[in-house]
Amino acid sequence: MSTTAETFGAPATTGRARRRIGFGVIGFGWLGQAHSRSLLRIPTLFPEREFDSELVVCGDTVPERLEDAVRSFGFGRGTADWREVVEDPAVDVVLIAAPNMLHLELIEAAAAAGKHVFCEKPVGGTPEQTVRAEQVARAAGVITGVGYNYRGAPLVQYARRLIADGHLGEITNYRGRFFSMYGSDPLGVLSWRFLVDQAGHGVTTDLMSHSVDLAHMLLGPITKVVGTTATFIPERPLPGATGTHYGRGRPGDPTGAVTNEDYAGMLCEFSGGARGTFEASRSIVGPESQMAFEVYGTKGALGWNLEKLNELQLYLVEDELHTGYRTVFGGDRFPYHGHFVPGSANGIGFEDLVVIEDYEFCRAVAQGREYRPGFEAALEWVSVQAALLKSAGSGGWEDVVSLRAP
Ligand SMILES: NC(=O)c1ccc[n+]([C@@H]2O[C@H](COP(=O)([O-])OP(=O)(O)OC[C@H]3O[C@@H](n4cnc5c(N)ncnc54)[C@H](O)[C@@H]3O)[C@@H](O)[C@H]2O)c1
């Protein structure tokens with residue numbers, strides 16, 4: 001089980017010449033741009049870095065985005081043909097932020113070309129694709145990374161330490177959820193996320209992957225699950241050429257069918273004995289971006305929520321008088337918060353988490369070592385996902401079986 005623990009936040013190796021890392025980015029929408037901006041910000045935030053990255057080439061099928069990549073972000077060039085990105089000799093890392101069902105083909109080509117690969121989660125749209133992606137990258141011996149950006153949130157890392165050091169005692173139960181309103185409006189357009197042939201599975205792939213990945217990091221493996229899925233909004237307006245999942249149609253627009261799930265829920269058992277519940281929804285009304293977890297142990301409890309990413313709720317059984325949750329604010333005593341703002345309770349934001357993961361990934365490439373979370377972590381999630389989807393069909397408990405290919 002990959003934990004991130006071994007290397008996260010370790011001091012940089014000083015005194016070495018900085019290694020140049022050439023990046024080719026494929027998919028220049030939300031996350032492609034977020035990663036590119038993050039790579040541009042790293043030199044201003046991490047003077048101790050062991051590398052200098054270069055935005056070599058950007059691949060996207062939308063001409064305006066390519067123009068923006070070159071003019072505003074400083075990419076050397078743009079191309080509508082992703083093969084040119086993979087084949088460019090100046091590219092060391094292929095960073096994939098295209099729709100999920102394209103991931104596998106891009107990873108296979110990148111691995112065959114001997115390039116390191118950072119792929120946005122979930123690494124393929126189905127468990128079968130993720131299994132294959134992990135297998136080809138492992139066989140090629142390239143360094144892999146997966147965009148589980150919430151792992152690097154400074155207070156999530158603090159939660160990991162509190163649990164690992166035993167401050168919560170024996171963990172008895174865990175609640176994970178990712179509730180997002182991005183699909184709550186029935187006029188929200190039918191972007192690629194709602195289509196099984198472009199996204200693969202729905203909210204399990206898109207949102208629950210993040211939730212379960214965090215639980216894997218914090219508590220360890222899940223051994224059995226029982227779950228259910230549902231699609232609550234079966235039709236949506238068709239999008240324009242560059243419509244994202246935040247775009248809106250109008251009443252009377254032509255519509256198409258949603259072909260993957262809006263909601264998933266599951267009850268599970270962890271190998272350490274704890275019990276857990278997970279829910280993910282993109283059509284819920286109320287929680288706007290609630291990527292959250294609560295952990296309960298025999299000596300304490302804690303909780304974190306992306307909507308308040310600079311706060312950790314902590315309860316420690318200390319004495320009879322002083323009970324209740326306290327709020328621990330983020331601050332520069334937690335790596336890497338102080339690289340963004342000094343002091344305490346001066347907050348960091350969503351995209352800073354992308355900077356942190358890109359910094360950690362580049363360090364691994366510069367040092368020529370494994371990065372965590374790599375494709376192994378994506379594989380661990382899809383092994384749970386396969387059991388959940390099986391359970392949604394069978395209606396009963398299903399064992400989680402590792403899908404790792406030989
Ligand atoms: N880690 C996170 O928090 C997070 C958040 C959002 C998305 N993601 C992941 O990032 C990936 C991209 O999601 P997004 O929200 O940025 O999507 P998006 O729709 O905003 O961007 C996707 C881009 O891919 C481009 N594209 C489509 N087909 C292409 C092709 N054949 N060749 C090159 N480019 C092509 C599109 O034109 C678009 O610019 C997904 O895998 C998603 O799961 C991760």
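This passage describes helix packing, aromatic pairs and one loop residue in a predicted model.

Helix packing is a convenient place to start. Two packed helices are described by the angle between their axes and the distance between the axes. For helix H5, spanning residues 127-140, and helix H10, spanning residues 375-394, the axes lie 9 Å apart and the packing angle is about 155 degrees. Because angles over 145 degrees count as roughly antiparallel, H5 is described as roughly antiparallel to H10. The handedness of this crossing is left-handed. On the H5 side, the contact is built from Pro127, Thr130, Val131, Ala133, Glu134 and Ala137. H10 contributes Phe375, Glu376, Ala378, Leu379, Val382, Gln385 and Ala386. Sorted by character, the residues of this contact comprise nine nonpolar, two polar and two charged.

H10 also packs against helix H8, which covers residues 203-219. Here the angle is about 115 degrees and the axes are 9 Å apart, with a right-handed crossing. From H8, the residues that take part are Thr204, Thr205, Met208, Ser209, Val212, Asp213 and His216. They meet Ala377, Glu380, Trp381, Val384, Gln385, Leu388 and Leu389 of H10. The contact of H8 with H10 is made up of seven nonpolar, five polar and two charged residues. Readers following H10 in the viewer may like to look at Gln385, which is listed in the contact with H5 and again in the contact with H8.

A further helix pair is formed by H1 (residues 30-45) and H9 (residues 350-367), whose axes come within 8 Å and cross at roughly 70 degrees. Since angles of 65 to 115 degrees count as roughly perpendicular, that description applies to H1 and H9. Their crossing is right-handed. H1 brings Trp30, Ala34, His35, Arg37, Ser38, Leu39, Arg41, Ile42 and Leu45 to the contact. The partners in H9 are Phe350, Glu351, Asp352, Val354, Val355, Glu357, Asp358, Tyr359 and Cys362. By residue class, this contact of H1 with H9 holds ten nonpolar, two polar and six charged residues.

Tyr359 leads on to the aromatic residues, as it belongs to one aromatic cluster together with Phe46, Phe51, Tyr336 and Phe340. Across the whole structure, the search returns 20 aromatic pairs. One of these joins Tyr174 and Phe270, with ring centres 5.8 Å apart and planes at 55 degrees, so the pair is classed as tilted. Tyr174 sits in strand E7 (residues 171-180) and Phe270 in strand E11 (residues 263-270), so the pair ties together parts that are 96 residues apart in sequence. Both rings belong to buried residues: the relative accessible area of Tyr174 is 1%, and Phe270 has a relative accessibility of 4%.

The last site of interest is Ala97, found in the loop between strand E4 (93-96) and helix H4 (100-112). Ala97 has a relative accessibility of 16% and therefore counts as buried, the cut-off being under 20%. Leaving aside residues up to four places away in sequence, Ala97 touches Ile26, Gly27, Leu31, Gly32 and Glu120. Of these contacts, Leu31 and Gly32 fall within the residue range of H1. Ala97 and Cys119 are 22 residues apart along the chain, and their C-alpha atoms are separated by 6.5 Å.

Key
Residues numbered from 1 in each chain as written. Predicted model: local features only at pLDDT ≥ 70, side-chain atom pairs only at ≥ 80, totals over all residues. Heavy atoms only, no water. Axes fitted to C-alpha atoms, helices over the stretch in contact; angles between N-to-C directions. Helix = DSSP H or I, 4+ residues; strand = E, 2+ residues; numbered from the N terminus. Parallel < 35°, antiparallel > 145°, perpendicular 65-115°, else oblique. Left-handed = near helix turned anticlockwise from the far one by under 90°. Contact = heavy atoms within 4.5 Å. Nonpolar A, V, L, I, M, F, W, Y, C, P; charged D, E, K, R; others polar. Phe/Tyr/Trp six-rings, centres within 6.5 Å; stacked < 30°, edge-to-face > 60°. Buried < 20%, exposed > 50% of the residue type's maximum accessible area, 1.4 Å probe, protein only.
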